[in-house]
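This report looks at a protein model with its ligands, part by part. Keep the sequence and the 3D view at hand while reading.

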Amino acid sequence: MRVLKIALREIKENFRSKKAMVFMVLFPIVLMTILGFAFSNTFNGDHKISNISVEYTDNGSKELSKGFNNFVDSCEKLGIRFHEVKEIASGINDVRNVKYNCAGYIVLRGNNIVFYKNDRDFVDTNIVETILKTFVDRFNVVAVVAKENPQSLSKINVSGNYDFAEIVSLNSERQPSSYDYYSITMLTLIILYGSISGIYSINSERVRNTGNRMLTTLAKKHEILLGKILGSSLSVFLQSILVFLYSRFILKAYWGNDIYTITLIIISEIIFSISLGICLGFLFKNSGVASGIVNAIIPFIAFLGGSYFSVDAAVGLFKNLSDISPIKWTNSAILNVAFANNYNDVLLAIIINLACAFVFVFLAAYLFRKEAF
Amino acid sequence: MKAVKFERLTKRFGDLVAIDNVNLEIEEGEIYGFLGPNGAGKSTAINIICGLLKIDSGKVYVMERDIKREPDFAKMNIGVVPQDIAIYGELSAYENVSFFASLYGLKGRELKESVDMALEFVGLQDKANWMANKFSGGMKRRLNIACAIAHKPKIIILDEPTVGIDPQSRNHILESVKKLNEMGSTVIYTSHYMEEVEAICTKISIIDHGKIIAEGTKEELKSIITDTNTVMITVTSVANIDENKLKAINGVKSIDIDENTVKIVSYRDVSNLDKIIHYFTSDGIAIKNIETQTPDLETVFLTLTGRKLRD
Ligand SMILES: Nc1ncnc2c1ncn2[C@@H]1O[C@H](COP(=O)(O)OP(=O)(O)OP(=O)(O)O)[C@@H](O)[C@H]1O
Ligand SMILES: [Mg+2]
């Protein structure tokens with residue numbers, strides 16, 4: 001109950017503060033509009049499936065080879081080109097170095113299929129990966145049936161055309177436009193800046209002496225801490241909704257078909273940012289120092305995390321750096337869900353965000369254990 | 001009933017002993033003043049009573065219950081007006097009082113009535129919907145008080161509630177404090193302002209370097225440093241004054257004549273001013289001015305500590 005009171009007061013204050021609203025709502029709206037407009041030509045909206053090419057090496061069993069050849073035929077009708085390579089090493093190498101536009105490399109070995117992903121072009125690679133998975137599922141069913149009940153095998157169309165067209169269209173429907181891209185990355189960027197809300201949330205209690213006054217009431221420290229996290233997180237969440245609505249209905253940005261999963265990822269990022277801010281608020285008595293640190297670090301994290309341009313094609317050191325940027329996982333998870341129907345990064349992004357948040361909250365609670373504010 | 005009691009209370013900040021082995025008893029119904037210079041330990045003592053600071057050693061009781069064992073009981077019975085204004089600028093006066101009162105568990109109609117009562121008490125009822133950051137310094141001080149009394153505590157602690165405000169707000173606050181006391185609250189009041197403490201406190205302790213160096217009513221405190229009163233009478237001419245007649249008046253200790261002023265020192269426990277004046281008028285000596293010199297708490301403080309209250 002007291003937690004809610006504290007949270008509610010926090011939200012009220014945030015929404016009344018012009019500074020906070022300008023920073024958390026107006027700022028990202030302006031940024032996504034400007035960046036979206038400025039880069040609208042450099043983003044390629046149409047994605048031609050005929051550009052996708054895949055390499056493979058066939059050392060598979062007779063059945064697998066047969067099934068795979070049917071699969072290849074179906075795919076080539078869709079416009080995906082397959083090139084057979086003899087040496088496994090050279091296939092892997094081609095994928096790694098993107099010698100030409102190669103979305104992946106498939107190796108058939110006995111009854112196994114290994115897929116080497118080119119993780120630089122997530123749309124192409126995801127299309128191939130998804131239809132390959134479908135093939136594998138179908139093939140496994142057929143294999144099991146053949147083993148258990150050979151007679152009924154003829155009833156199942158092993159050699160027929162697979163209907164991959166549907167899957168492919170699902171995946172290749174869109175490539176983000178500049179407005180789509182910056183709507184997502186500016187929202188996640190401003191949420192990262194939301195950590196300043198967390199810093200302020202603690203520091204203002206100290207400056208105004210209201211934190212100590214709360215402690216003279218029946219409010220307990222854990223109630224205050226929880227109320228602060230909840231209040232600041234909800235504030236940023238509500239502000240994010242405003243930004244989202246603008247991007248969705250004014251900029252007409254595309255957010256995919258699964259807004260619930262995206263909301264979950266966003267919430268985990270909000271909790272990450274607020275916990276970071278609250279932890280810094282306890283760590284530094286001076287909010288100037290704390291927000292200075294945040295302001296200095298976020299541009300790097302954002303740059304590495306793909307806030308300003310896609311880092312999907314990053315290689316080498318830059319890729320390694322970008323992988324440790326927490327916002328990269330959030331961005332990539334949202335982009336993949338919205339544009340590739342790919343959920344691979346979702347859990348990872350949420351876990352990274354919440355695990356960091358947990359550490360920050362734990363540290364904040366430890367620092368708050370001392371007397372007063 | 002003892003409203004507050006310290007038993008050998010000690011509080012340290014690193015090497016600094018802010019409260020040094022203090023024993024103290026504050027009776028219910030008192031307006032109790034803590035008088036002391038900057039850094040004496042007044043705020044520290046108060047922050048311990050209201051649970052903000054931990055006790056290093058000793059015990060503190062509120063309404064005769066140990067605050068360490070029953071912190072919520074103590075907190076429920078205490079309303080503290082902190083030295084530094086503690087209100088939310090972006091909240092209205094009403095919302096400020098309501099927020100803190102709700103943290104004491106008040107809700108619904110009781111909450112609303114208590115908030116209205118508290119705002120009315122400090123004279124801010126018609127500004128209830130003003131944002132606090134639009135308030136003047138004096139109004140903020142009054143709101144600071146309202147936030148401490150809505151939950152109707154038995155003990156109200158005010159830590160320098162009149163710092164930096166206009167005389168009108170100051171009088172309002174002093175009147176409020178007296179009224180709170182008349183309504184049954186025990187008041188603990190700290191101040192640098194001697195006049196305030198003299199005017200409203202029923203009992204005073206003088207604190208310095210974390211120790212209570214004197215305690216009592218203001219009369220008791222004054223009598224610690226001196227047992228005499230001094231009257232200075234300025235006349236048109238001292239030629240006709242009969243020192244022996246003056247000395248014969250009951251209680252007069254010594255006479256000192258300097259130009260046109262007669263300085264008469266009397267024992268405090270005798271009131272003889274009427275007789276002294278009678279002597280002058282009956283002997284036909286015209287009085288131009290009378291000045292009495294009673295030691296004020298400032299002098300008491302100076303005598304006890306060798307320091308002024310405010311530098
Ligand atoms: N949190 C703290 N950490 C370290 N030292 C402190 C702390 N709080 C107070 N002190 C020190 O303890 C001593 C007593 O401080 P306190 O605030 O109780 O004085 P005070 O009598 O209220 O003075 P003032 O009239 O200026 O308000 C001072 O020397 C002060 O510097
Ligand atoms: Mg003080």
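Q83(B) is partly exposed, because its relative accessibility is 27% and the partly exposed class lies between 20% and 50%. The model is a predicted one, and this should be kept in mind for every value below.

**The magnesium ion**

Q83(B) is also one of the protein donors of the magnesium ion, ligand 2. It offers its OE1 atom, while S43(B) offers OG, and these donors lie 1.8 to 2.1 Å from the ion. S43(B) sits in helix α1 of chain B, whereas Q83(B) belongs to the loop between β6 (78-81) and α3 (93-103), so the pair ties together parts that are 40 residues apart in sequence.

**Ligand 1**

S43(B) appears again around ligand 1, where it is among the closest residues together with N38(B), G39(B), K42(B) and T44(B). The shell around ligand 1 holds 14 residues. Five of the shell residues are nonpolar, seven are polar and two are charged. Which helix gives the most to the shell around ligand 1? It is α1(B), with three residues. Both α1 (42-49) and β2 (16-27) of chain B supply at least two residues each.

Oxygen atoms of ligand 1 have polar partners on N38(B), G39(B) and K42(B). The table lists the distances.

| Residue | Atom on the residue | Distance to an oxygen atom of ligand 1 |
|---|---|---|
| N38(B) | side-chain N or O | 2.7 Å |
| G39(B) | backbone N or O | 2.9 Å |
| K42(B) | polar side-chain atom | 2.8 Å |

Taken on its own, ligand 1 has 630 Å² of accessible area, and the protein covers 62% of it.

**Two residues with positive phi in chain B**

Most residues other than glycine have a negative phi. E64(B) is not a glycine, yet its phi is positive, at about 65 degrees. E64(B) is placed in the loop between β4 (57-62) and β5 (65-66) of chain B. K152(B), also not a glycine, has a positive phi of about 50 degrees. The loop that holds K152(B) runs between α5 (137-149) and β7 (155-159) of chain B. Are these residues exposed or partly exposed? E64(B) is partly exposed, with a relative accessibility of 47%. K152(B) is exposed, because its relative accessible area is 53% and exposed means over 50%.

**Chain A**

Chain A has 373 residues, and 51% of them are buried. It contains 15 helices and four strands. Its accessible surface comes to about 17400 Å², with 64% of that belonging to carbon and sulfur atoms. Of the contacts between residues at least 6 apart in sequence, 78% join residues at least 24 apart.

T188(A) is one of the residues of helix α7 (178-193). It is buried, because its relative accessibility is 0% and buried means under 20%. The side chain of T188(A) reaches the backbone oxygen of T185(A) at 3.0 Å. Beyond its neighbours within four places in sequence, T188(A) is in contact with I266(A), E269(A), I327(A), T330(A), N331(A) and I334(A).

I229(A) lies in helix α10 (221-250). With a relative accessible area of 13%, I229(A) is buried as well. Not counting residues up to four places away in sequence, I229(A) touches I274(A), I278(A) and V361(A). The C-alpha atom of I229(A) is 27 Å from that of D323(A), and these residues are 94 residues apart along the chain.

Terms used. Residues are numbered from 1 along each chain as its sequence is written. Chains are lettered from A and ligands numbered from 1 in the order in which they are written. This is a predicted model: local features need pLDDT of at least 70, side-chain atom pairs count only at pLDDT 80 or more; totals for chains, interfaces and linings use all residues. Side-chain values use heavy atoms; hydrogens and water are left out. Buried means under 20% relative accessible area, exposed over 50%, partly exposed in between (1.4 Å probe, protein chains only). Contact means heavy atoms within 4.5 Å. A residue is near a molecule or strand if one of its heavy atoms lies within 4 Å of it. A polar contact is a pair of N or O atoms within 3.5 Å; within protein, one must be able to donate a hydrogen and the other to accept it, and residues adjacent in sequence count only if both atoms are side-chain atoms. Accessible areas come from the Shrake-Rupley method with a 1.4 Å probe; for residues, only the protein chains shown count as cover. Ala, Val, Leu, Ile, Met, Phe, Trp, Tyr, Cys and Pro count as nonpolar, Asp, Glu, Lys and Arg as charged, and the others, Gly among them, as polar. Donors are N, O and S atoms within 2.8 Å of the metal (3.2 Å for Na, K and Ca); water is not among the atoms, so sites may look incomplete.
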